[in-house]
Amino acid sequence: MMLTTKVMLLGDMGVGKTSILYRLVHDRFDGQYKTTLGVEVLSYDVPAPAVGGGEPMRLVLWDTDGDFGTRIFDTVYVAGASAAIIVSDVTRPQTVTRMNELASSFETRFPGRPYKALVNKIDLADAAAGAVWPEGLAQSNVKFVSAKTSSGIAEAFAELAETIRRRQF
Ligand SMILES: Nc1nc2c(ncn2[C@@H]2O[C@H](COP(=O)(O)OP(=O)(O)OP(=O)(O)O)[C@@H](O)[C@H]2O)c(=O)[nH]1
Ligand SMILES: [Mg+2]
């Protein structure tokens, strides 16, 4: 049986959570903004690693409405989460602050469970000249990505799956 694991997608409104999943699952990008209402669930199978063996892994991805903020941790949606992808927008520093808050709430709620912090929209990095490095997060946990160009997206989920696999949640 394939290892199946629940992953929360967290982050402020409009940072690109849904776009990241759309790129990951359908390899497409849509420039129009359609906000997520509540929560949507979809699934993605991470291929088996090219080296070192191991099975493919099914990620059940819970795409949340950015409006929840840290209140998401007071809802039933987070029950049984094995890991999280926490997203910010490189052009909006306050979303990086929010990403840090969500990361520490996740660590408090689920001690030891892995997460990755993705700074999205890196294709717009010129517009974000002077954007702050997400302080307080371990460097190995942070990745700069773009749902628009697909840069770093598949790798981020493969790395998270690898961490989950090693810890066997
Ligand atoms: N340039 C650029 N735009 C992006 C990128 N990712 C998302 N967007 C745009 O940003 C807007 C918001 O993207 P969404 O994926 O809907 O954001 P979200 O985090 O799901 O938002 P909520 O569901 O409201 O919380 C859309 O217009 C996207 O096209 C990216 O990597 N680069
Ligand atoms: Mg969304």
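Here's a short back-and-forth on strand β5 and ligand 1 in this predicted model.

Student: How many of the residues in β5 are buried?

Tutor: β5 covers residues 115-120. Buried here means under 20% relative accessible area. By that cut-off the strand is mostly covered, and the count is 6 of 6.

Student: Which residues of β5 point the opposite way from Tyr 115, Ala 117 and Val 119?

Tutor: In a regular strand, side chains alternate between the two faces of the sheet. Tyr 115, Ala 117 and Val 119 share one direction in β5, and both sets are buried. Pointing the other way, you'll find Lys 116, Leu 118 and Asn 120.

Student: Is the crossover from β4 to β5 right-handed or left-handed?

Tutor: β4 (residues 83-89) pairs with β5 in the parallel sense over 6 bridges, with Ile 85 standing opposite Lys 116. Between those strands the chain passes through helix α2, residues 93-109. That β-α-β crossover is right-handed.

Student: And on β6, which residue is the bridge partner of Val 119?

Tutor: β6 (residues 142-144) runs parallel to β5, and 3 bridges join them. For Val 119, the partner in β6 is Phe 144.

Student: What share of ligand 1's accessible area does the protein cover?

Tutor: Ligand 1 is surrounded by 24 residues, with Lys 17, Ser 19, Tyr 33, Thr 35 and Asp 123 the closest. A polar side-chain atom of Thr 35 sits 2.5 Å from a ligand oxygen, while a backbone N or O atom of Asp 30 lies 2.9 Å from an oxygen atom of ligand 1. On its own the ligand has 660 Å² of accessible area, and the protein covers 92%.

Key. Residues numbered from 1 in each chain as written. Chains lettered and ligands numbered in written order. Predicted model: local features only at pLDDT ≥ 70, side-chain atom pairs only at ≥ 80, totals over all residues. Heavy atoms only, no water. Buried < 20%, exposed > 50% of the residue type's maximum accessible area, 1.4 Å probe, protein only. Helix = DSSP H or I, 4+ residues; strand = E, 2+ residues; numbered from the N terminus. Pairing = 2+ DSSP bridges. Right-handed = clockwise from strand over helix to strand, strands pointing away. Near = heavy atom within 4 Å. Polar contact = N/O pair within 3.5 Å; in protein donor to acceptor, adjacent residues only side chain to side chain. Areas by Shrake-Rupley, 256 points an atom, 1.4 Å probe, with all protein chains shown as cover.
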